[in-house]
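User: Please take a close look at one part of this structure. I should then like to see how the other parts can be described in the same terms.

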Amino acid sequence: MVDVRLGLTRSQILAYRRRVGALNQRLPRGRRSLRRAAWAGLQDSMPRSALLSIHARVEGTGPTTWDDPSLVQIWGPRFSVYVVAERDRAAFSLGRLPEDEDARRIAEDLAARLEALLGEETMTDREAGQVLGEHHNRLRYAATTGTVLIRWEGARRPTLRCVGAPQLDPRDARLELTRRYLHVFGPATPEGFAAWAGIRIPGATAAFDALRRSLTPVRTPIGDSWILARDEPSLRAAPEPDAPARLLPSGDSYYLLQGGERELLVPTTRVRELWTSRVWPGALLVKGDIVGTWRRAKGKVSVTTWRRLSRAERDAVEAEAESLPLPGVDGRIVVRWAD
């Protein structure tokens, strides 16, 4: 039998992901660009990593850009801290509402109790948990109702506030979340979607099945997958010029990958260096390739490379580091090379 699946190469897939992820050329400053940068959410579990993900994609990003009124903080996929566009709150909350009746009842009950407790006030998760007689981590389940926003600065406990429920059916929210995952992380599989969103595989498979008419099957170096049919022209398009350098923070969507997906991005020998067992380092992207890692301590950026960089490439990395909009850092940012 002839395989009719569209065959895609590693270079095509990664060039597509950089294109849709706005990593080749920064978007113009503005809320429309912030929404596009946050199309699959911006993980913020490392304080202000969402800000640095925005900086890698949007011109004019400053230390407070993450706090733009068009953006909100929530417990998103896998209950990690995320920054998302407020108008997309439903996809990242209701889109993950459990299918299981008992689990859904728990989420809705916690949300109702939080709303009764807080009203229009705010309270830390620990304080709210104590009043409600619940462990504070359990309150995260209420986030899937779309009625709980958080404010987390990193050094302190997150503050909770309640808002009105999104006016979207949970099934439609799930399908929208699936489309966003396919667009940003595609080619993709239901198993990959389930792992990323923190939902069960049957629910992820059902979402893919519901979208089947708008999907195209593809063959990749790591197996069969799916793409949104409308994304096929972009996947087939000639690569765009790559940016000289980008410093992607821990948890950035470009390398927020699991399993074999990781080996598509970097050599097998480098997987454990990028995805460590503890806090992930940042990823160093130079001319379209991940060529090393980086970490930061206040105004000092330590860079470890996997190959020798040219003088021009080092200059590009240092210029990118010096442009980082780091809150509370005065003076020039210094790069330390560890290669």
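Analyst:
**A strand pair and its surroundings**

Leu215 has Leu228 in S9 as its bridge partner. This is a predicted model, in which local features need pLDDT of at least 70 and side-chain atom pairs count only at pLDDT 80 or more, while totals for chains, interfaces and linings use all residues. Residues are numbered from 1 along each chain as its sequence is written, and side-chain values use heavy atoms, with hydrogens and water left out. Helices (H or I, at least four residues) and strands (E, at least two) are DSSP runs, numbered from the N terminus.

The bridge just named belongs to the pairing of S8 (residues 215-220) with S9 (residues 223-228), which is antiparallel and has six bridges; two strands pair if DSSP finds at least two bridges between them. Two residues make the hairpin connection from S8 to S9. S8 also pairs with S1 (residues 6-7), in this case in parallel and through two bridges. There, Gly7 faces Arg219 of S8.

**The five-stranded sheet**

Another set of strands forms an open sheet of five, ordered S10-S11-S12-S13-S14, and its pairing is mixed. S10 (246-248) and S14 are its edge strands, each pairing on one side only. On average, neighbouring strands of this sheet are turned by 30° against each other, direction ignored.

Within the sheet, S13 (residues 300-305) may be followed on both sides. S12 (residues 289-297) and S13 run antiparallel and are joined by six bridges. Ser302 in S13 is the bridge partner of Arg295, and Lys300 in S13 stands opposite Ala297. The hairpin of these two strands has two residues between them, and Lys298 there takes a positive phi near 55°. Towards S14 (residues 334-337), S13 pairs in the parallel sense over four bridges. Here Ser302 appears again, opposite Arg336 in S14.

The two faces of S13 are not alike in cover: Val301, Val303 and Thr305 form the covered face, whereas Lys300, Ser302 and Thr304 form the uncovered one. Helix H13 (residues 311-322) lies across S10, S11 (282-286), S13 and S14. H13 runs at about 140° to S14, where axes are lines fitted to C-alpha atoms, for helices over the stretch in contact, and angles run from 0 to 180 degrees between N-to-C directions.

**The cores and the packing of helices**

The largest nonpolar core has 45 residues, and the members that touch the most others are Phe193, Trp196, Leu265, Trp275 and Ile290. Such a core is a set of buried Ala, Val, Leu, Ile, Met, Phe, Trp, Tyr and Cys residues joined through side-chain atoms within 4.5 Å. Helix H7 (residues 170-185) contributes the most to this core, namely six residues. Apart from this core lies another, of 18 residues, which includes Leu247, Val303, Leu309 and Leu324.

Phe193, when its neighbours within four places in sequence are set aside, is in contact (heavy atoms within 4.5 Å) with Arg174, Leu177, Thr178, Tyr181, Ile199, Ala204, Ala207 and Phe208. H7 itself packs against helix H9 (residues 201-210) at an angle of about 85°, and their axes are 10 Å apart. Arg171, Arg174, Leu175, Thr178 and Leu182 of H7 make this contact with Gly203, Ala207, Phe208 and Ala210 of H9.

A further pair is formed by helix H5 (residues 101-118) and helix H6 (residues 125-132), whose axes come within 11 Å and cross at roughly 100°. In this pair, Arg113, Leu114 and Leu117 of H5 meet Ala128, Val131 and Leu132 of H6.

**Two residues in loops**

Val266 is placed in the loop between helix H11 (260-265) and helix H12 (271-274). Val266 has a relative accessibility of 2% and therefore counts as buried, a term that means under 20% relative accessible area, with exposed over 50% and partly exposed in between (1.4 Å probe, protein chains only). Residues up to four places away in sequence not being counted, Val266 touches Arg10, Val271, Leu274, Trp275, Ile290 and Trp306. Two of these, Trp275 and Ile290, have already been named in the largest nonpolar core. From C-alpha to C-alpha, Val266 is 9.6 Å from Tyr255, and the two are eleven residues apart in sequence.

Ser80 lies in the loop between S3 (71-75) and S4 (81-85). With a relative accessible area of 18%, Ser80 is likewise buried. Gln43, Ser45, Ile74 and Trp75 are touched by Ser80, again without counting residues up to four places away in sequence.
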